[in-house]
Amino acid sequence: MLTFLARRLLLAIPTLAGVLLVTFLLLYVAPGDPVQEMVGERADAATIARLRRELRLDDPVHVQFAHYAGGVLRGDLGRSYITDRPIRRDVAERFPKTLLLAGAAMTLASILGITIGVLSARRPGGWFDRVALGGAYLGISFPVYWVGLLLILLFAVTLRWLPPSGYGGVKYLILPALALGMRSIAFLARVTRSSMLEVLGGDFVRTARAKGLAERAVVLRHGLRNALIPVLTVLGLDFGYYLTGSILTETIFSWPGLGRYVVNAISRRDLPAIQGSVLFLSTVFVLVNLLTDLAYAKADPRVRYD
């Protein structure tokens, strides 16, 4: 396992180095002058020149990149052009809220999606299976922003059961978690059903039934565990997506997470905030994929690390 971890971490280095280079180049690809955005239109030329020297924007590109990469290696993601706060502090304040939302959405998706998939596989072609498949197709087709607005309209505006947006107790978490996890519920149900049908038709399952084991034990102990590999793949990818791509959900529900922070940084052309957030989220996504690979062997002993 240690060799596997070392190999995967070494493979992650070029990926993160590429992300570091791309995020640095955002400074040159993004339209407009960041200094002009900081000082406004009425600033004089002397002030603009002084700020450019302080921010090292007049240095050659390779010198700027070396300075930026050195800061990142020391854990310094820079300072915001707008608030002058360290990006590392902003990320530390915002990411736990994104993690809470992603964890709630993944928990909801795992419970509902896997349960629906297992129940559908037990009686393929039955009424529950047909209803579940139809709901899964609809769930995959609907975009997250449409689902979010529909949930607000139904549960917040019409029924007044839940708050439409904001951050607070459990009530504020239900609607954004449901909107973010809706696609995963549908996709997990389909993947679990397909994998369970393949496993339940195996010889070892027929042997377990012939030995007189209860159907519940056959389905859960022998069937579900051997069907978990594709399910874990979906869970790992979706959880990484929740952590790195929950921008729409956090914007719709005014959730003060890292996704909304990125949106605000883009609208204000706060390039250091964008660079630091993208680099941090890319690192998180790589780590989530690594943990998913480790979970394979835990779920199925047949998976080897070499």
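What follows is a dialogue on reading a predicted model of one protein.

Colleague: Before looking at single residues, which helices and strands does the protein have, and how many of each?

Modeller: Since the model is predicted, I would begin with its overall make-up: the protein has 14 helices and zero strands, and its pattern along the sequence is accordingly written α-α-α-α-α-α-α-α-α-α-α-α-α-α. The C-alpha trace spans about 85 × 55 × 30 Å along the principal axes.

Colleague: What can I learn from contacts between residues that are at least 6 apart in sequence?

Modeller: Such contacts can be sorted by how far apart the partners lie along the chain, and in this protein 74% of them join residues at least 24 apart.

Colleague: How should I read the interior, and which residues touch the most other members of the largest nonpolar core?

Modeller: The general idea is that nonpolar side chains tend to be buried together in soluble globular proteins. In this model, 39% of the 306 residues count as buried, and the largest nonpolar core holds 55 residues, among which M196, Y242 and L279 touch the most other members. Helix α5, covering residues 87-122, gives the most to this core, with 11 residues. A second, separate core has eight residues, including L151, I152, L162 and L175.

Colleague: Taking M196 as an example, which residues does M196 touch, if those up to four places away in sequence are not counted?

Modeller: With those set aside, M196 touches V118, A121, V219, G223, L224 and A227.

Colleague: Turning to a polar residue, is S277 buried or exposed?

Modeller: The cut-off to keep in mind is that a residue counts as buried under 20% relative accessible area, so S277, with a value of 0%, is buried. S277 lies in helix α14, residues 271-299, and a polar atom of its side chain lies 2.7 Å from the backbone oxygen of A273. Leaving aside neighbours within four places in sequence, S277 is in contact with V91, L258, Y261 and V262.

Colleague: And for D238, with which side chain does its own side chain make a polar contact?

Modeller: The partner is the side chain of S184, at 2.5 Å. D238 is found in helix α11, residues 228-245, and its relative accessible area is 7%, so D238 too is buried. Beyond residues up to four places away in sequence, D238 touches M106 and R183 as well as S184.

Colleague: Finally, how many positive and negative side chains does the protein have?

Modeller: There are 34 positive and 21 negative side chains, and the centres of these two sets lie 11 Å apart. As for the surface, its accessible area comes to about 16,800 Å², of which 65% belongs to carbon and sulfur atoms.

Technical notes: Residues are numbered from 1 along each chain as its sequence is written. This is a predicted model: local features need pLDDT of at least 70, side-chain atom pairs count only at pLDDT 80 or more; totals for chains, interfaces and linings use all residues. Side-chain values use heavy atoms; hydrogens and water are left out. Helices (H or I, at least four residues) and strands (E, at least two) are DSSP runs, numbered from the N terminus. Buried means under 20% relative accessible area, exposed over 50%, partly exposed in between (1.4 Å probe, protein chains only). Contact means heavy atoms within 4.5 Å. Accessible areas come from the Shrake-Rupley method with a 1.4 Å probe; for residues, only the protein chains shown count as cover. Lys and Arg count as positive and Asp and Glu as negative; His and the chain ends are not counted. The place of a charge is taken as NZ of Lys, CZ of Arg, CG of Asp or CD of Glu. A nonpolar core is a set of buried Ala, Val, Leu, Ile, Met, Phe, Trp, Tyr and Cys residues joined through side-chain atoms within 4.5 Å. A polar contact is a pair of N or O atoms within 3.5 Å; within protein, one must be able to donate a hydrogen and the other to accept it, and residues adjacent in sequence count only if both atoms are side-chain atoms.
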